[in-house]
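Subject: The structure for you to look at

Hello,

Here is the structure I promised to pass on. Please open it beside this email, and then read on for what turned up in it.

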Amino acid sequence: MGQARAVVIGAGIGGLATAAGLCSAGWDVTVCDRASSLEPVGVALGLAPNGLRALDVFGAGDVLREHAVPQEVGIQRSDGRWLMRSTTGQLIADRFGDPIILLPRSAVIEALAARVPAGVLSLRTEVTSVEPGGPGTARVATTAGDLSADLVVAADGIGSAVRSALFPGHPGLRYAGFTTWRLLTGPVTGQAGVTGVNGVNGQVQMAESWGRGTVFGVMPLADGRVYCYAAAPAPPGQRAADDELAELVRLFGRWHEPIPALLASVTPGDVLRHDVAELAGPLPSFHRGRVALLGDAAHPMTPNLGQGACQALEDAAVIARLAAGTDAGEVPALLARYTAVRLPRTQNVVRWSRRAGTMTTWSAPPAVAFRNTAMWLAGRLPPSATIRGLVPVYGWRPPPAARPTAGGGPSASAAV
Ligand SMILES: Cc1cc2nc3c(=O)[nH]c(=O)nc-3n(C[C@H](O)[C@H](O)[C@H](O)COP(=O)(O)OP(=O)(O)OC[C@H]3O[C@@H](n4cnc5c(N)ncnc54)[C@H](O)[C@@H]3O)c2cc1C
């Protein structure tokens, strides 16, 4: 059996994880990305226990655990009054093996890229079309020449051109009704001049604050920098007439400290803004012929559960485990299994994430008052009740690794 060959489109978290998994399964892999560097869009990332378990499949979990800050997020009102203080962090770690951790995105990209052998990655290489193949190989046209492959994994992100080409009748993306901002401050502590910090010993404390349809999250990283994110309803495509930092100050500058102080500590160019979208309906399949969709290309979701990258990592872990011991002729069957496992799982997570964000979008004063009371009461439930609700998301396990057959070669597990 000759070495099976794969092309991965996109070197984001999903594409790099897939490449790492396929390379260690013995495949000959090329990763094409149109970007000129691996610098990620977005500044920090929350990884839940299921995402970390997927990273372990590629051998990248432990190196990231070393740099992580465990998340313990409470919810405040815009005036600073606490609605709920989370006490579930340690319970999540006890129940699922890891806490939710926060990391710079660049650390995740670096950990995955370190597991992709030299020569596999082809930057400044845009994929211009894909022929899905079937019994025969798939073909990938790129700005650096054409490639043929037994397996193509399209991890080309939320705006996936491969998704549109494979499923031309699908209605595509639907705006979720709100926009997001992300920014990273320099190192800030009480001693470094940021006043009004609300944590212990002058440190900024993790929290998410809810207003009328608006949200502001504050999350310190291990190195003292602070990751902030915000969300607000807005027409799709709308951008601030001046700059996005000024827009954030207009929306959140009168909220409780340390939000105004954190906003005052960044420069306008440091603010990223993205409108949030998901698919107008589920795809009929995650593959066609020999081409699979993966990550945001397959299942873009709202960020409310912090699961987009975690689900991309789960997808990649499943592909890697199925591909170990699979030869080129078995790829269509591998992909049928991939769709059967991943499509229902990710549709559930998409739905749960949308639902988790619903209450934060309420803006009418009676609805906001009702929501705040409900959150305050929920904060008084025993943490074990919260943990039970997390099992379907965080309890995911990767398929078992292929075991050697009696003939000595590996066999893909049927238990995926
Ligand atoms: C505000 C916000 C906060 C979030 N927070 C979290 C969080 O805390 N935890 C979490 O798990 N998820 C989070 N997410 C979701 C997460 O960012 C995404 O789900 C994840 O980055 C998707 O990775 P990907 O590899 O599928 O796609 P991408 O990272 O978008 O990568 C796609 C790659 O494909 C390349 N590409 C595209 N087209 C082509 C082409 N034609 N040829 C070659 N290359 C191409 C691009 O250059 C890019 O590098 C958040 C999202 C948002 C918007």
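Which residue has a backbone N or O atom 3.4 Å from a nitrogen atom of the ligand? That residue is Gly308. Please keep in mind as you read that this is a predicted model.

**Around the ligand**

Two side chains also make polar contacts with the ligand. Asp33 places a polar side-chain atom 2.6 Å from a ligand oxygen. In the side chain of Arg105, an N or O atom is 2.7 Å from an oxygen atom of the ligand. On its own the ligand would expose 1,000 Å², and the protein buries 82% of that area. Four elements each give two or more residues to the surrounding shell: α1 (13-24), β3 (44-47), β13 (173-184) and α9 (308-323). Of these, α9 gives the most, with three residues.

There are 26 residues around the ligand, and the ones that come nearest are Gly14, Asp33, Gly46, Arg105 and Asp296. Sorted by class, the shell has eight nonpolar, 11 polar and seven charged residues.

**Two threonines and a serine**

Thr180 is a good residue to click on next, and you will find it in strand β13. Is Thr180 buried or exposed? Thr180 is buried, because its relative accessible area is 11%, below the 20% cut-off. Leaving out residues up to four places away in sequence, Thr180 touches Ala230, Ala231, Leu272, Arg273, His274, Val276 and Pro303.

Thr360 sits in the loop between α10 (331-358) and α11 (365-378). With a relative accessibility of 8%, Thr360 counts as buried too. Apart from neighbours within four places in sequence, its contacts are Trp210, Gly213, Thr214, Val215, Asn304 and Arg371. The side chain of Thr360 also reaches the backbone oxygen of Gly357, at 2.6 Å. Thr360 and Ala232 are 128 residues apart along the chain, yet their C-alpha atoms are separated by 9.1 Å.

Ser106 belongs to helix α5 (residues 105-113). Its relative accessible area is 33%, so Ser106 is partly exposed. From C-alpha to C-alpha, Ser106 is 9.0 Å from Gly42 in space, with their positions 64 residues apart in sequence.

**Two backbone details**

Most residues other than glycine have a negative phi, and most peptide bonds are trans. Here are two places to compare with that. Glu257 and Pro258 are joined by a cis peptide bond, with omega about 15 degrees. Pro258 lies in the loop between α7 (244-252) and α8 (259-264). Arg124 is not a glycine, but it has a positive phi of about 55 degrees. You will find Arg124 in the loop between β8 (121-122) and β9 (127-131). Arg124 is exposed, because its relative accessible area is 60%, above the 50% cut-off.

**How far to trust it**

The chain has a mean pLDDT of 90, and 92% of its residues reach 70 or more. Over residues 191-201, however, the pLDDT is below 50, although this stretch has 20 contacts in the model beyond near neighbours in sequence. Residues 404-416 also have pLDDT below 50, with 23 such contacts. Where pLDDT is low, the predicted coordinates should not be read in detail.

Enjoy exploring, and write back with any questions.

Best wishes

How values were computed: Residues are numbered from 1 along each chain as its sequence is written. This is a predicted model: local features need pLDDT of at least 70, side-chain atom pairs count only at pLDDT 80 or more; totals for chains, interfaces and linings use all residues. Side-chain values use heavy atoms; hydrogens and water are left out. Buried means under 20% relative accessible area, exposed over 50%, partly exposed in between (1.4 Å probe, protein chains only). Contact means heavy atoms within 4.5 Å. A polar contact is a pair of N or O atoms within 3.5 Å; within protein, one must be able to donate a hydrogen and the other to accept it, and residues adjacent in sequence count only if both atoms are side-chain atoms. A residue is near a molecule or strand if one of its heavy atoms lies within 4 Å of it. Accessible areas come from the Shrake-Rupley method with a 1.4 Å probe; for residues, only the protein chains shown count as cover. Ala, Val, Leu, Ile, Met, Phe, Trp, Tyr, Cys and Pro count as nonpolar, Asp, Glu, Lys and Arg as charged, and the others, Gly among them, as polar. pLDDT is the predictor's confidence in each residue, from 0 to 100.
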